Amino acid sequence: MLVLKSQREAISRKNKGEIGMLIKKILSLFTAVVFVVVSTFTVLSASAEMGAIVASGGDIASGGDVASDGDIASGGDIASGGDIASDGDIVPGVVTGICGVDGDNLTWELNTATGEMTISGTGEMVDNPVWEGITNNQIVSVTIEEGVTSIGKGAFAHCSSLNSVVISAGVTSIGERAFNGCYSLNGIWVDEDNANYCNDAIGVLYNLYNNEKNELIHAPSNISGEYVIPEGVTSIGEFAFGTCDKMTSVMIPASVTSISRAFSGCSSLSGIWVDVDNTKYSSDAKGVLFNKDKTMIIQMPQGISGEYVIPES
């Protein structure tokens, strides 16, 4: 009887020990699960918080540098407030860059909401500047501030939305084809104190010599009907009227001695008329531009229709 009782007590103690061990294992497993859940929640919370911080100051994609309030997609650098979407569309803000021959001696700033570009600093502009972070057709107006001494070759070529350029008194040099392909240009306006350049009443840009108009550099595309080049002008620059697709006729004075592919692209031009006293050039009854002796056709107006007979000479 005593033996049986002892066996029962031993079995009871063994069962209690196994149950205790099982409870400990369950508690240990539960603790591990809780730890994993808490850790995951912490990571997710931190990620959400970081996302909120990025969203509040600017969304960043691959390779993009972000300044205050700027959202940037791949590779774009934006100053305060300028947002670039992944498809290249730019929302209102300010984009800046450098365009000087020495790098940052000249800087540019574009308001992407208005398209207004300002170039400031001291010295010369580089030829064929690259307006990084924007497209040419975003430039609507340009102001060259005092201190800038040159406009680089091809600087604003093919800026299809450009409609106005303001040039300060200090500019002494404008490179070739600076405004070529600007089909929206309504005028180039030069400070009246500039000793090297000027504009006429409709915004045609001229070079000055002895304070008189010497070379016609560029005519804005808004010219329509007839344009009369003033007496005293000696040369008409390359592609000077290249975007004037509404100009129908042009009068060339006796003083002009040099014309360089000036009327290419004038799709409505029906006549080029040269003063009879000009010693270098002439025109016939149809308004075709010749050299003086009519041994060479220089420009056939694109607006001429029907048959044309080239003279024997």
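Begin by selecting Ser150 and Met125, where a polar atom of the Ser150 side chain lies 2.9 Å from the backbone nitrogen of Met125. The model on your screen is a predicted one, and every distance on this tour should be read with that in mind. Keep Ser150 selected and display the strand that holds it, which is β7, covering residues 150–151. Ser150 counts as buried, because its relative accessibility is 7%. If you now show its surroundings, leaving aside residues up to four places away in sequence, you will find that Ser150 touches Gly123, Glu124, Met125, Val171 and Ser173.

Before going further, zoom out to the whole chain. The protein has 313 residues, of which 38% count as buried, and its secondary structure comes to one helix and 21 strands. Among contacts between residues at least 6 apart in sequence, 29% join residues at least 24 apart.

Next, select Met117, Ile119, Ile144, Ile151, Phe156 and Phe179, which are the residues with the most contacts inside the largest nonpolar core, a set of 31 residues. The elements that give two or more residues to this core are β3 (94–100), β4 (103–111), β5 (116–121), β6 (141–144), β8 (164–167) and β10 (188–190). Colour β4 separately if you wish, since β4 gives the most to this core, with three residues.

Within that core, centre the view on Ile119. Which residues does Ile119 touch, not counting those up to four places away in sequence? The list comprises Cys99, Thr107, Trp108, Met125, Trp131, Val142, Thr143, Ile144, Glu145, Val148 and Phe156. Apart from the largest core lies another, of 27 residues, and selecting Tyr206, Tyr227, Met247 and Ile272 will show you some of its members.

The cysteines make a useful next stop. How many disulfides does a search of the whole structure find? The search finds zero. Select Cys244 together with Cys266 to look at one case: Cys244 is in no disulfide, and the nearest cysteine sulfur, that of Cys266, is 5.5 Å away, whereas a disulfide would need the two sulfur atoms within 2.5 Å. Cys244 counts as buried, because its relative accessibility is 0%. Cys99, which you met among the residues touched by Ile119, also counts as buried, because its relative accessibility is 2%.

Move on to Val274, which is found in strand β18 (residues 271–274). Is Val274 buried or exposed? It is buried, because its relative accessible area is 11%. With residues up to four places away in sequence left out, Val274 touches Ile252, Tyr281, Ser282, Ser283 and Leu289. Draw a line between the C-alpha atoms of Val274 and Val256 as well, and you will see a separation of 9.2 Å in space for two residues that are 18 apart in sequence.

From Ser282, one of the residues that Val274 touches, you can step to the last stop, an open sheet of three strands in the order β19-β20-β21, with antiparallel pairing. β19 (281–283) and β21 (297–299) stand at the edges, each with a single partner strand, so one side of each is left without a neighbour in the sheet. Neighbouring strands of this sheet are turned by 40 degrees against each other on average, when direction is ignored. To finish, select residues 289–291, which form β20 and pair with β19 in the antiparallel sense over three bridges, and then highlight Ser282, which stands opposite Phe290 in β20.

Note on methods: Residues are numbered from 1 along each chain as its sequence is written. This is a predicted model: local features need pLDDT of at least 70, side-chain atom pairs count only at pLDDT 80 or more; totals for chains, interfaces and linings use all residues. Side-chain values use heavy atoms; hydrogens and water are left out. Buried means under 20% relative accessible area, exposed over 50%, partly exposed in between (1.4 Å probe, protein chains only). Helices (H or I, at least four residues) and strands (E, at least two) are DSSP runs, numbered from the N terminus. A polar contact is a pair of N or O atoms within 3.5 Å; within protein, one must be able to donate a hydrogen and the other to accept it, and residues adjacent in sequence count only if both atoms are side-chain atoms. Contact means heavy atoms within 4.5 Å. A nonpolar core is a set of buried Ala, Val, Leu, Ile, Met, Phe, Trp, Tyr and Cys residues joined through side-chain atoms within 4.5 Å. Two strands pair if DSSP finds at least two bridges between them. Axes are lines fitted to C-alpha atoms, for helices over the stretch in contact, and angles run from 0 to 180 degrees between N-to-C directions.
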